Structures are given as C-alpha cells and as structure tokens.
Amino acid sequence: MSTDLSEVMPVRYRVEQFLRALTAQHAISEQRIEQLAKILSPEARALFVRQAPQDQRHALAVYETLCQQGRTHAGLLTAALLHDVGKAAAQLPPWQRGLFVLAERFAPHALDGAAQGQPRGWRSSFTRYARHAEIGARWAEEAGCSLLTVDLIRRHEAPMRTCRTEEDRLLAALQAADSAN
C-alpha cells in the first residue's frame with residue numbers, strides 16, 4: 001500500500017504547527033513591535049499585541065514572506081499582521097486550538113455547527129474561533145484600518161473563485177503567504 005505524500009505532508013505540517021504553538025510561550029518583544037510602527041497605527045498595534053504569542057509569530061512570518069516577495073502595499077501588510085487577530089476572542093489554550101486545527105483538517109464537517117448560532121456554553125470559544133475572520137475584520141474596522149485591510153482579513157480564509165481585481169490579487173498573495181507559514 002503506497003502513501004500519498006499530498007496527504008502526509010499537510011498532516012505533518014499540522015502536527016508541527018501544533019507543537020510550535022505549545023512551545024510559543026513568550027510574546028514578541030516590545031522592540032520588534034515598535035519596528036512595526038511604520039506599518040501599524042497605535043490602535044492596530046494594540047490589536048497585534050492582543051494576539052496569542054503563536055499568532056503573533058505566525059503573523060510576522062506571513063508579513064515577512066510578503067516583504068521578501070517585494071510586496072509593499074500597506075493594506076496587505078497590515079492584513080498580514082492582523083489576519084488572525086479574531087482568534088483572540090476565543091481564548092482557547094494552545095492544546096484546544098491544536099485540536100480545532102486538526103479537526104478542521106480531518107473532520108471539517110464536524111465543525112460546521114461550531115460556526116452556527118450564538119456562541120453559548122461550552123461551544124462558545126469554538127464558535128468564536130470558527131468566526132475569527134469576521135471578528136478580526138470588525139476589530140480592524142473599529143481600530144481604523146483601511147477598508148481594504150478589513151476586507152482582506154474578512155476574506156483571508158474564503159476560497160478564491162476568481163482573481164479579477166487588485167483586491168483579489170492581494171488576497172491571493174495573503175492566502176499563499178498564510179498557507180506557507
């Protein structure tokens with residue numbers, strides 16, 4: 001019986017991601033956050049800091065990937081740093097987040113109900129996590145981020161059907177950098 005590498009690699013990546021999340025104990029240094037001042041307004045920096053350490057590190061990796069590709073659009077770079085900020089609403093410990101990520105990969109239909117209805121009871125954290133893109137977009141809008149940044153955050157997990165507009169091209173770049181990190 002042969003193993004399809006396209007199935008093994010995502011599993012391995014998710015397991016490694018889970019282990020990195022468990023070991024991400026410390027937030028990004030104030031010095032590194034200050035370097036982001038040229039991209040993020042004070043309100044947006046406050047959102048960035050609100051993220052869990054593993055989300056801060058992931059956001060920086062997405063941002064740096066885009067910068068290495070020569071991307072300079074401020075709205076895109078801001079979205080890279082804030083695309084997962086809505087996960088902070090869930091307040092899930094790393095091990096529960098890891099279970100959620102693995103369930104997304106192996107049993108996505110089992111989680112469909114988590115995004116439905118009002119976030120109540122034991123499911124409330126999972127509901128917020130499942131809706132993190134919408135929550136993050138709302139927070140970014142409240143923080144005064146551009147409409148483009150807000151839309152990129154809102155759509156960062158949405159499947160791309162076409163790539164016709166500049167916003168679509170920026171979204172495709174964000175999604176590719178997000179997937180690579």
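Let's start where helix H9 meets helix H10 (residues 166–180): in this predicted model, the two axes come within 10 Å and cross at roughly 50°. That angle makes H9 oblique to H10, and the handedness of the crossing is right-handed. If you want to see who does the touching, look on the H9 side at Leu148, Asp151, Leu152 and Arg155. Across from them, H10 offers Glu167, Asp168, Leu170, Leu171, Leu174 and Gln175. So much for that pair.

H9 has another partner to look at, helix H5 (residues 74–82). Here the packing angle is about 40°, and the axes sit 8 Å apart. That makes H5 oblique to H9. H5 passes H9 in a right-handed crossing. The H5 residues in this contact are Gly75, Leu76, Thr78, Ala79 and Leu82, and they meet Leu148, Thr149, Leu152 and Ile153 of H9. Keep an eye on Leu148 and Leu152 as you rotate the view: both meet residues of H5, and both turn up again in the contact with H10.

Now move back along the chain to helix H8, which spans residues 132–142. Which of its residues are buried? The list runs His132, Ala133, Ile135, Gly136, Ala137, Trp139 and Ala140. Those buried residues pack against three helices: H3 (42–50), H7 (124–130) and, once more, H9 (147–155). After H8 comes Gly144, and its phi is positive, near 85°.

Trp139 deserves a second look. Besides being one of the buried residues of H8, Trp139 has Arg50 lying over its face, at 3.9 Å from the ring centre. Arg50 falls at the end of the 42–50 range of H3, one of the helices that the buried residues of H8 pack against. How many aromatic pairs are there, counting rings of Phe, Tyr and Trp whose centres lie within 6.5 Å? The count comes to 0.

Zooming out, the protein chain has 10 helices and 0 strands, so if you read along the sequence you get the pattern α-α-α-α-α-α-α-α-α-α. The chain has 181 residues, and 40% of them count as buried. As for how the chain contacts itself, take the contacts between residues at least 6 apart in sequence: 61% of these join residues at least 24 apart.

Conventions
Residues numbered from 1 in each chain as written. Predicted model: local features only at pLDDT ≥ 70, side-chain atom pairs only at ≥ 80, totals over all residues. Heavy atoms only, no water. Buried < 20%, exposed > 50% of the residue type's maximum accessible area, 1.4 Å probe, protein only. Helix = DSSP H or I, 4+ residues; strand = E, 2+ residues; numbered from the N terminus. Contact = heavy atoms within 4.5 Å. Phe/Tyr/Trp six-rings, centres within 6.5 Å; stacked < 30°, edge-to-face > 60°. Lys NZ or Arg CZ within 6 Å of the ring centre and 35° of its normal. Axes fitted to C-alpha atoms, helices over the stretch in contact; angles between N-to-C directions. Parallel < 35°, antiparallel > 145°, perpendicular 65-115°, else oblique. Left-handed = near helix turned anticlockwise from the far one by under 90°.
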